[in-house]
Every structure is written in structure tokens, then in C-alpha cells.
Amino acid sequence: MPELPDVENYKIEAEKAVGSAIRSIDITDKKFVDLKKSDLDKYFIGKKIKDLKRQGKFLFLETEGGNAIAIHFGMTGTLEFDDSNQEVPRYAKCIFQLENDRRLVYSSRRKLGKVEIATDTEQYIHDRELGQDALEISKTGFIEALKKSRSSIKGFLTNQSVIAGIGNVYADEILFQSRIHPREQTKDLSDKQIGELYGKMKKVLEKAIEKQADVSRLPGSWLLPRRKEGEECPQCSGRVEKIKISGRNGYYCPDCQEKST
Ligand SMILES: [Zn+2]
């Protein structure tokens with residue numbers, strides 16, 4: 001599932017489209033885009049993509065006139081810039097045709113994810129109760145939010161209304177590198193642990209962005225390339241274990257990530 005580092009890479013891809021006007025919008029899967037096509041056309045045809053904004057797992061293509069196209073990538077969404085007129089990808093859902101035979105293609109193997117109109121980006125973010133972006137939140141803001149929280153640390157990191165952008169996979173990596181058990185309660189963390197956790201959160205996300213969120217390019221000392229039950233822990237001789245929290249499978253090393261109580 002695309003998380004902050006994946007979506008940041010789609011943003012980098014979409015930067016190639018900034019400055020171009022949208023010529024047409026082809027919705028190749030009518031069930032996917034929950035809008036009348038005329039609405040998208042009304043707002044965006046002929047308008048230049050002016051700027052991009054990412055908050056958490058949402059990407060906004062901001063256009064002339066103040067409206068934005070809001071994209072959420074669901075479980076399997078991708079965004080590609082194409083200027084070589086390649087064949088339309090098999091799972092294309094929505095194609096933004098741009099000037100000079102260029103286009104942005106949103107694809108997804110599954111139907112989750114969305115493309116919507118945001119007439120006011122800030123209001124859209126507010127209505128969805130999206131928290132501050134994980135790369136933007138200050139250390140003070142992070143500590144304040146954590147002190148208010150009454151949940152497991154994994155639940156805290158993946159709660160999009162507190163910090164936006166981290167999902168199941170990167171939360172496992174951040175906790176592994178911070179040597180914190182995923183079920184640890186936020187109230188039981190020491191100030192030192194919280195400070196370290198904040199630093200690791202930034203480092204993990206930044207490194208993953210740099211490596212294009214490609215697991216095969218991530219450092220060998222990371223959990224992610226071995227995020228599978230029974231794999232050898234990259235830090236000790238222990239084995240990676242599966243753990244279910246809030247109905248979702250996560251992975252951790254019980255030797256490196258001991259629970260305090
Ligand atoms: Zn270990």
C-alpha cells in the first residue's frame with residue numbers, strides 16, 4: 001500500500017507536468033472515479049497544473065483557478081508521467097492528457113483509491129481530519145501529540161488524523177530502528193525514547209524517498225527487506241515475528257524490540 005515515501009515519489013513524477021495545461025481527462029474505469037465526467041472537465045480542462053502538494057498519502061495537483069485534483073492511492077495506486085506515447089497501462093483508471101502529447105496516468109490494480117475535486121485544498125484536508133504530514137511535523141508537535149495519545153505506539157504512528165503518511169509497513173521499520181515493541185503504550189515511553197523515535201521517523205522516511213521506496217534498494221540493516229515471519233533479524237541472530245495489531249499484520253524482532261512491561 002502506498003505510504004508517504006511512495007506518494008512523495010509520485011509527486012516527483014508529477015513535477016514533470018507542472019506548467020502544462022490539461023487538454024482532456026479520460027476516465028477509463030467509470031466505476032473508479034465517483035464523479036460525473038463533466039464536473040472534472042468543467043473544473044480542469046484548459047487549466048495549467050500550477051503546483052503540487054502532498055499531505056500524508058494524498059497528492060494534490062493544484063491548477064489555475066484555485067481548484068485541485070486530489071488523488072489518494074488506495075492499496076495499489078500509481079502515478080506515471082508519460083511523454084513517449086506508450087501504450088496505455090493495463091490498469092489505467094484516469095488519464096490526464098496534457099499539452100504536447102504528454103500525460104499523467106493514474107493506475108491501480110484494485111478499485112480502492114480515488115481521484116476527486118478539491119475546490120479548496122486546505123478545507124479538503126480539514127474535512128478529512130488529516131493530521132500534520134510526518135515530514136512536516138515539528139519535534140514539539142510530535143511530543144505533544146504523543147503525550148495526548150492513549151494507544152499503542154503502532155496505532156499512534158499509523159493514525160492519519162494525528163500524523164499523516166505512515167502506514168503499516170513504515171511504522172514497522174520506524175519501530176524496529178527505534179527498538180520499541182509495536183504494542184508498547186505511548187504513555188509508557190520515556191522522553192529519550194520519544195526523541196529517538198521522532199529522529200528515526202524522519203530518517204526512515206527520507207531514506208526511503210531517496211531510494212524511490214524500492215525495498216530492494218533499502219539498506220540491509222533495515223527490517224523492511226526481511227519483513228516476513230521467520231526471517232533472520234538484520235540486527236541480531238533472532239527471528240522476525242508476525243504480530244496482529246488492530247486487525248493488521250505487522251512484523252518485529254522480539255529480541256531487539258522488548259516490551260517494557
Ligand atoms: Zn533482532
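## Y10 and F73

Both Y10 and F73 are buried in this predicted model. Their ring centres lie 4.8 Å apart with the planes at 35°, so the pair is tilted. Y10 belongs to helix α1 (residues 4–14), while F73 sits in the loop between β4 (68–72) and β5 (78–82); the contact therefore ties together parts that are 63 residues apart in sequence.

Ring pairs also bring in Y106, which forms a cluster with Y10 and F73. The structure holds eight aromatic pairs.

## F58, Y124 and R128

The rings of F58 and Y124 have centres 5.8 Å apart and planes at 75°, so this pair is edge-to-face. F58 is in strand β3 (residues 58–63) and Y124 is in helix α3 (residues 121–127), so the pair ties together parts that are 66 residues apart in sequence. F58 and Y124 are both buried.

Y124 has a further contact: the charged end of R128 sits over its ring, 3.5 Å from the centre.

## Zinc site

Four cysteine sulfurs coordinate the zinc ion: the SG atoms of C233, C236, C253 and C256, at 2.2 to 2.4 Å. Along the chain these donors follow the spacing C-x2-C-x16-C-x2-C. The angles subtended by the four donor atoms run from 106 to 115°, so the arrangement is tetrahedral.

Accessibility is given here for two of the ligands. C233 is buried, with a relative accessible area of 2%, whereas C236 counts as partly exposed at 25% relative accessibility.

How values were computed. Residues numbered from 1 in each chain as written. Predicted model: local features only at pLDDT ≥ 70, side-chain atom pairs only at ≥ 80, totals over all residues. Heavy atoms only, no water. Donors = N, O, S within 2.8 Å, 3.2 Å for Na, K, Ca; no water. Tetrahedral: all angles 85-135°; square planar, octahedral: opposite > 155°, others 65-115°. Buried < 20%, exposed > 50% of the residue type's maximum accessible area, 1.4 Å probe, protein only. Phe/Tyr/Trp six-rings, centres within 6.5 Å; stacked < 30°, edge-to-face > 60°. Helix = DSSP H or I, 4+ residues; strand = E, 2+ residues; numbered from the N terminus. Lys NZ or Arg CZ within 6 Å of the ring centre and 35° of its normal.
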